[in-house]
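Here are some notes on a few local features that may be worth a look as you go through the coordinates.

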Amino acid sequence: MRKRVTSPVVPQDPATPDPEWLDLEQLAQVEVTSEDITYPIESALVPGEESGWRAAQPGEQTIRLIFDRPQRLSRMWLLFIEPDTTRTQEFVLRWSPDGGRSFREILRQQWNFGPPETIREAEDYRVELAGVTILELAILPDKSGGEARASLAQWRLAG
């Protein structure tokens with residue numbers, strides 16, 4: 001019998017430096033519909049930041065990445081954390097190949113937060129998109145219409 005002992009594979013945390021992740025500060029402008037000044041959008045998009053982004057008011061919010069040049073995207077990694085409020089969140093990812101004249105939905109996802117057990121939603125999507133001029137993330141923080149504020153701990157993209 002042939003046998004080999006290998007070390008376990010530890011999944012990499014997207015917050016750690018990885019040449020695969022795009023430098024969004026250099027490649028895109030960002031638009032947000034709302035922003036709490038103590039939780040700016042850069043805190044969710046720049047590796048090494050810890051606080052993440054949070055909206056200033058409740059209700060649906062949109063984050064748009066407007067690329068300087070059309071981009072190829074192969075991976076999207078999102079992390080949402082809700083330590084306090086039980087709620088059902090929905091988010092939608094869309095992309096535009098033509099500067100925002102039209103959008104194509106990539107996915108629509110719902111998640112039930114139920115602190116203290118269920119406080120973290122991490123999503124890792126493999127995609128094959130070429131010519132992306134705008135990438136949009138719309139977050140409905142509470143499908144029941146409560147006062148929850150949209151938040152995003154991390155958002156990473158790979159080309």
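Strands here are DSSP runs of E with at least two residues, numbered from the N terminus. The model is predicted.

1. Glu82 sits in the loop that links strand S3 (61–81) to strand S4 (87–96). Its relative accessibility is 9%, so Glu82 counts as buried, the cut-off being under 20%.

2. Which side chain shares a polar contact of 3.1 Å with that of Glu82? The partner is Arg87. A polar atom of the Glu82 side chain also lies 2.9 Å from the backbone nitrogen of Thr85.

3. Beyond its neighbours within four places in sequence, Glu82 is in contact with Arg87, Phe113, Pro115, Thr118 and Ile119. Glu82 and Phe113 are 31 residues apart in sequence, yet their C-alpha atoms are 6.6 Å apart in space.

4. Pro115, one of the contacts of Glu82, precedes a cis peptide bond: the bond from Pro115 to Pro116 has omega near 5 degrees. Most peptide bonds are trans. Pro116 belongs to the loop between strand S5 (104–113) and S6.

5. Glu121 is in strand S6 (residues 120–140). Glu121 is buried but has no salt bridge. The nearest side chain of opposite charge is that of Arg87, 7.6 Å away. Arg87 is also the residue whose side chain makes the 3.1 Å polar contact with Glu82.

6. What surrounds Glu121, leaving out residues up to four places away in sequence? Glu121 touches Leu78, Leu79, Phe80, Gln89, Phe91, Gln109, Trp111 and Phe113. Phe113 is also among the contacts of Glu82.

Methods
Residues are numbered from 1 along each chain as its sequence is written. This is a predicted model: local features need pLDDT of at least 70, side-chain atom pairs count only at pLDDT 80 or more; totals for chains, interfaces and linings use all residues. Side-chain values use heavy atoms; hydrogens and water are left out. Helices (H or I, at least four residues) and strands (E, at least two) are DSSP runs, numbered from the N terminus. Buried means under 20% relative accessible area, exposed over 50%, partly exposed in between (1.4 Å probe, protein chains only). Lys and Arg count as positive and Asp and Glu as negative; His and the chain ends are not counted. A salt bridge is a side-chain nitrogen of Lys or Arg within 4 Å of a carboxyl oxygen of Asp or Glu. Contact means heavy atoms within 4.5 Å. A polar contact is a pair of N or O atoms within 3.5 Å; within protein, one must be able to donate a hydrogen and the other to accept it, and residues adjacent in sequence count only if both atoms are side-chain atoms.
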